[in-house]
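User: I should be grateful for a close look at a single strand of this protein, set in the context of the whole chain. Please explain each term as it arises.

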Amino acid sequence: MAIVKCSKGHFFDDTRYSQCPHCGILADDDEKTVSGVSLDYRSSAGDDRTMALKPVSPAGAGSMAAPVEDDDKTVRFYQEEKGADLIVGWLVCVSGPERGRDWRLHQGFNRMGRDYRLDIPVMEDKSLGREPVCAVVYDDRKNAFFAVQQPGNLAYINGETLQGAVELKTGDQIGAGTSQFEFVAFCREGRTWENG
């Protein structure tokens, strides 16, 4: 690979392009390459600035540019799972170390505990374990919310011990550790993301 400079001062790779992809001027044969020998880039006035090299696609430069080849770089590709991550409700801490904080609830399982990997991380309540204490589940087919007991942990719904799965309604209180949370449903009777 040899980086050359055209007479207008643009730098480009002459193994990829036969002429400057920026302005179409052929590279001067007497210009020195950057990779081989040091380039006297201060030879003309105003030429002492740094310029980034950008690959040019064939569509962007017309017939002047050669096709951009795969340069063997690893590129990370993110793809959303089907659909958007829509908000279906909230949990609001009404008492405890994180009083006033809220957590967004999404479709499916929303596990609560003292771990950042969980959907509802209650990090300031040291009486909670790192394992999930309970889960708030939204079932989009039934348009209903449930509090689900998690193995080996104790949580309360409206003052009663949570056992199995209990349907939740807006205003229900979930107790875990030294904290109390109020449940607020966004998706409820007459309102779902499917029907707007």
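Analyst:
**One strand in its setting**

From the N terminus on, the elements run β-β-α-β-β-β-β-β-β-β-β-β-β-β. This amounts to 1 helix and 13 strands, where helices (H or I, at least four residues) and strands (E, at least two) are DSSP runs, numbered from the N terminus. The model is predicted, so that local features need pLDDT of at least 70 and side-chain atom pairs count only at pLDDT 80 or more, while totals for chains, interfaces and linings use all residues. Residues are numbered from 1 along each chain as its sequence is written, and side-chain values use heavy atoms, with hydrogens and water left out.

Of the 196 residues of the protein, 35% count as buried; buried means under 20% relative accessible area, exposed over 50%, and partly exposed in between, with a 1.4 Å probe and protein chains only.

The part chosen here is strand 8, residues 144-149. Because 5 of its 6 residues are buried, strand 8 is largely enclosed by the rest of the structure. Two strands count as paired if DSSP finds at least two bridges between them. Strand 8 is joined by 6 bridges to strand 7 (residues 134-139), and the two run antiparallel. Within this pairing, Val148 of strand 8 is the bridge partner of Ala135. The hairpin formed by strand 7 and strand 8 has 4 residues between the strands, and Asn143 takes a positive phi near 50° there. Strand 8 is also joined to strand 11 (residues 165-168) by 4 bridges, again antiparallel. Val148 has Ala165 as its bridge partner in strand 11.

Strand 8 also contributes to the interior. The largest nonpolar core has 25 residues; such a core is a set of buried Ala, Val, Leu, Ile, Met, Phe, Trp, Tyr and Cys residues joined through side-chain atoms within 4.5 Å. Strand 8 supplies at least two residues of this core, as do strand 3, strand 4, strand 7, strand 12 (173-176) and strand 13 (179-185). Leu91, Met112, Ile174 and Phe181 touch the most other members. Leaving aside residues up to four places away in sequence, the residues touched by Met112 include Leu91, Cys134, Ile174 and Phe181, a contact being heavy atoms within 4.5 Å.

Elsewhere, an open sheet of 6 strands has the order 4-3-13-12-9-10, with antiparallel pairing. Its edge strands are strand 4 (102-106) and strand 10 (160-161), each pairing on one side only.
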